[in-house]
Amino acid sequence: MSPLVALQSVDVEWARVAALQLLGLGLAGGVAATVLAVLYRRTTARAVPAGVAPFIGFATVGCWLLGDALIRGSLVGATGLTDEATATYVLAAAAVGAVAGTGGGRLGDRVAADVYGIDRIVATGVHADRLRDARLVVAVDLPGTVEQADGYGPVSPAVERSLTDATFRVPSSLSGDALAARLEERISADYDVDHVQVILDESDGVDAIAVGRNRRGLGLEIPPEKVAIAVRSDSAAEASTGDPVALWSDGAEGPVLVARGRLHSCSSDVATVVVPKEALEDVSPRERYRLVTPADVPTDRGRMLALVRSAPETTVALEITSGGPLVGEFAGWLPGIVLAVRRGDSVLAYPADNVTLEPGDVAFCLGHPDEFAAHDGVRDVDAPADLDRTDDAEVDDATVPVEATD
Amino acid sequence: MVSLHAEVVVGISLGILIGVAPAVGAVLVGAAVELLDSSVSRVAVVVPALAIATAAGVAGGLVRLTVAHVPRLLAALAVVGLSAAYGYSRGVELASSVPRDWSREVERGRPLSEASLEAVDASGQVTIHPSGEIGNLDGYPSLPESLRADLADAEFRLPADLPLDELETRIERRLTERFDLAAVAVSLDPRGRATIAAAPPISGIARHVPDGYSAVTIRSFVPSGLARGEPVLVRADSRTIEGIVLADVGPTSLHDGSLVRARGREAADPDDADGAPTGAAPSPNEPGADVVPSNQHVANAGLGRVTVAVPTGSADVLLGSNVATVAVQSRNPRADFRAFTALEEANQAVRFVVLDDDLVESVRSTSSGPRVLAVRSEADDEWQFDPDPADLAAGWEAVVAGDRGTLDELVDASVAATPAVIEA
């Protein structure tokens with residue numbers, strides 16, 4: 001028998017009861033969906049996902065029907081549960097529940113957004129989701145001390161002050177590595193630091209942060225006894241950093257050699273060159289110089305420095321002081337490779353083993369820290385030893401005697 | 001005879017009745033699974049639901065496992081299965097937005113509005129521009145025009161998943177850091193337009209000037225790479241004076257992109273041909289930082305202006321001259337740098353090569369010839385320093401040191417012979 005035929009066979013009374021019950025079920029489904037929508041907005045600041053509201057309406061109705069069926073054994077009147085009329089009723093109830101759920105969900109969502117002051121974002125997609133993430137944030141406190149990162153110079157006192165005990169707000173959905181990455185991104189983007197590392201504890205609080213800044217300044221690239229100056233010049237188009245250059249000016253009687261040095265950098269009409277300190281007296285900003293680049297033999301100094309710094313071996317500079325343990329000793333006695341001995345203005349490269357060390361010499365040795373630690377002469381020498389030093393002299397704010405008063 | 005149609009309808013209805021409970025259960029299971037950060041295959045949820053429903057149906061007498069009831073059974077199971085699966089995925093989705101960590105106090109934030117979505121790029125960052133006039137702050141001096149223009153040109157790239165308050169805080173932080181402002185207030189509207197009011201730096205240069213020194217702005221060619229705080233020698237009118245650079249010319253100057261980008265602005269100050277240098281400490285309204293162009297970034301750098309602190313007694317020398325030469329001294333005390341630059345003074349070089357028999361021969365044979373400072377065999381990752389010449393073998397990488405000319409002949413000859421890729 002088709003449902004339609006079945007319906008015709010029941011009486012009007014049955015239909016009336018059924019209709020009333022459907023109304024009640026619909027209401028129940030709608031209310032359940034409304035409540036859920038409100039609670040969801042309250043907790044997550046978001047709308048319930050699509051399809052949930054009708055499902056809740058449907059489920060509420062279904063549970064009610066199930067309860068009814070278990071208690072009474074029938075749903076409308078005395079009609080059996082496996083009767084077609086009942087089946088039609090159940091289907092209708094499910095549909096009513098779903099529709100009421102949809103409506104109730106929407107109502108609840110709008111009411112809640114209004115009450116809780118949430119601006120609804122209707123758009124879908126990854127970007128819209130990111131905007132929604134901003135609704136729930138947690139405050140992350142930075143620790144009371146900010147460490148200096150290994151291998152980097154210090155950051156400015158103002159930055160350190162600002163980071164100490166600062167509070168950052170981040171989306172609550174971030175945790176663990178993602179949270180650390182976000183904090184690091186924020187510190188390196190908003191502050192003048194070149195390196196930052198954030199370490200979190202198990203409950204996603206900040207355990208420690210370390211920041212650092214690269215050493216800056218031209219002085220770090222200039223060999224001793226030399227200076228870097230900028231002069232007006234025609235740049236040799238092919239010249240590049242490190243090329244030897246000779247500065248020639250146009251004198252009254254022809255070109256005059258003013259100074260020799262190495263090119264640091266050049267732009268269209270200004271060249272920065274590294275020349276001996278004495279050349280400072282011979283160079284004038286009013287003159288224009290021609291740069292002549294003689295032939296040169298390359299050297300892999302940069303690569304060598306990189307290698308030495310990355311290896312456990314280290315270089316030390318030993319100042320031979322009169323009365324010290326190294327005076328009168330042979331260069332061959334020094335540990336490691338004796339690269340050079342600077343004596344006054346001259347340099348003895350790879351000195352022979354029988355070269356005697358004199359007061360005022362500076363000996364440069366390349367070797368393993370253990371060798372140096374074990375060698376009596378080196379261990380006792382009161383040198384500006386770089387055995388463990390990784391820092392250069394820091395200039396920045398620290399050397400300016402007057403404290404910045406922020 | 002009951003029609004198939006009727007049986008199916010009854011089956012669906014029974015499915016709804018007995019399937020609701022398992023479906024609700026599936027929702028809860030889904031939510032629990034998501035909150036516990038694990039995952040369960042949907043089959044593992046659907047199958048038990050079907051089993052429970054079947055058992056319930058049979059026990060309740062609604063379904064009998066007979067052939068006649070097969071359509072009813074199938075329809076019911078289909079409904080149960082589908083609603084369990086759907087319920088499970090809804091449960092997962094519901095729970096995915098719920099804050100997990102209740103120990104952390106969650107605050108409400110107000111995000112950017114939908115209208116700002118166009119400004120959000122693929123990596124989830126939004127670009128914010130100042131709009132309207134850059135205002136002054138009550139009680140503070142007004143902004144100099146150049147600073148006002150710089151602020152108006154700024155743009156900020158920030159994550160889009162931050163509330164407006166926090167975005168404002170970050171913008172304020174960046175502006176303070178970049179321009180050294182005494183105070184700044186940023187107000188962001190939900191569309192992503194920032195209204196900025198700021199106060200210029202307090203005392204600019206003057207607080208960085210040491211006791212007994214005065215700041216003088218001089219005109220000179222600026223060595224590229226010069227940084228704030230570096231000690232320099234200033235040569236003017238045949239006198240050399242020691243000073244400290246005050247105005248920052250280095251990587252945090254105007255034209256580095258990291259903190260605050262300038263939108264399409266031209267770089268350096270134009271080269272002007274005349275004008276005496278400004279003396280003494282600049283007025284509080286004139287921040288020192290924008291005085292000096294950074295010619296390392298600029299192709300057309302001409303004469304620039306550098307503000308240096310010099311002993312007050314010597315300041316008049318600089319005031320009296322039109323232009324000066326600024327010389328940066330060495331301040332790298334690292335022993336390895338000193339060592340290798342000293343070797344270069346003595347006309348020595350180091351080269352990275354791959355050893356061949358000729359090279360090994362020349363290293364072994366003469367004690368005053370090239371020497372090997374470090375060597376690495378093909379199998380090794382580590383370099384061995386100060387190797388014994390007897391241990392060297394062709395094919396190994398080595399750092400060869402010696403007189404420039406000799407090294408050049410030896411190395412280039414060997415390089416020409418064996419084109420190898422050299423890797424540190």
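How much area does chain A expose, and what share of it do carbon and sulfur atoms supply? Chain A exposes about 18900 Å², and carbon and sulfur atoms supply 54% of that area. Keep in mind, as you look around, that this is a predicted model.

**View 1. Chain A as a whole, with its 11 helices and 14 strands.**
Start here to get your bearings. Chain A has 406 residues, and buried residues make up 46% of them. Now think about contacts between residues with a separation of 6 or more in chain A: 63% of these join residues that are 24 or more positions apart.

**View 2. A nonpolar patch on the surface, with Leu27(A) as one of its members.**
Four residues build this patch: Leu27(A), Val31(A), Val35(A) and Leu39(A). Together they make a nonpolar surface of about 370 Å². Find Leu27(A) in helix α2 of chain A, which covers residues 12-44. Is Leu27(A) buried or exposed? Leu27(A) is exposed, because its relative accessible area is 62% and the cut-off for exposed is over 50%.

**View 3. Gly377(A), a buried residue in a helix.**
Gly377(A) belongs to helix α10 of chain A, residues 376-380. This glycine counts as buried because its relative accessibility is 1%, and buried means under 20%. Which residues does Gly377(A) touch, not counting those up to four places away in sequence? They are Pro325(A), Leu326(A) and Trp333(A). For another landmark, look for Leu307(A), which is 70 residues from Gly377(A) along the chain. The C-alpha atoms of this pair are separated by 26 Å.

**View 4. A three-stranded open sheet shared by chains A and B.**
Read across this sheet and you meet the strands in the order β3(A)-β1(A)-β1(B), with antiparallel pairing. Strand β3 of chain A (167-171) and strand β1 of chain B (106-108) stand at the edges. Each has a single partner strand, so one side of each is left without a neighbour in the sheet. From one strand to the next, the twist averages 45°. Within chain A, β1 (residues 136-141) and β3(A) are joined by five bridges. One pair to look for is Asp141(A) and its bridge partner in β3(A), Thr167(A). Helix α7(A) packs on the sheet and touches β1 and β3 of chain A. The direction of α7(A) makes about 125° with that of β3(A).

**View 5. An open sheet within chain A, in the order β2-β5-β4.**
The pairing in this three-stranded sheet is mixed. Its edge strands are β2 (147-148) and β4 (195-200) of chain A, each pairing on one side only. Six bridges link β4(A) to β5 of chain A (residues 206-212) in the antiparallel sense. Look for Gln197(A), which stands opposite Ala210(A) in β5(A). Helix α7 of chain A, residues 176-190, lies across β4 and β5 and runs at about 150° to β4(A).

**View 6. Strand β7(A) and two antiparallel partners, β8(A) and β10(A).**
As a reminder, strands of a sheet pair through backbone hydrogen bonds. Strand β7 of chain A (residues 244-251) is joined to β8 of chain A (residues 254-266) by eight bridges. A hairpin of two residues connects β7(A) to β8(A). Here Leu247(A) stands opposite Ala259(A) in β8(A). Strand β7(A) also pairs with β10 of chain A (residues 288-292), over three bridges. In that pairing, Trp248(A) stands opposite Arg290(A) in β10(A).

Definitions and conventions
Residues numbered from 1 in each chain as written. Chains lettered and ligands numbered in written order. Predicted model: local features only at pLDDT ≥ 70, side-chain atom pairs only at ≥ 80, totals over all residues. Heavy atoms only, no water. Patch = residues over 30% accessible without salt bridge, like charges linked within 9 Å, V, L, I, M, F, W, Y side chains within 5 Å. Areas by Shrake-Rupley, 256 points an atom, 1.4 Å probe, with all protein chains shown as cover. Salt bridge = Lys/Arg side-chain N within 4 Å of Asp/Glu carboxyl O. Helix = DSSP H or I, 4+ residues; strand = E, 2+ residues; numbered from the N terminus. Buried < 20%, exposed > 50% of the residue type's maximum accessible area, 1.4 Å probe, protein only. Contact = heavy atoms within 4.5 Å. Pairing = 2+ DSSP bridges. Axes fitted to C-alpha atoms, helices over the stretch in contact; angles between N-to-C directions.
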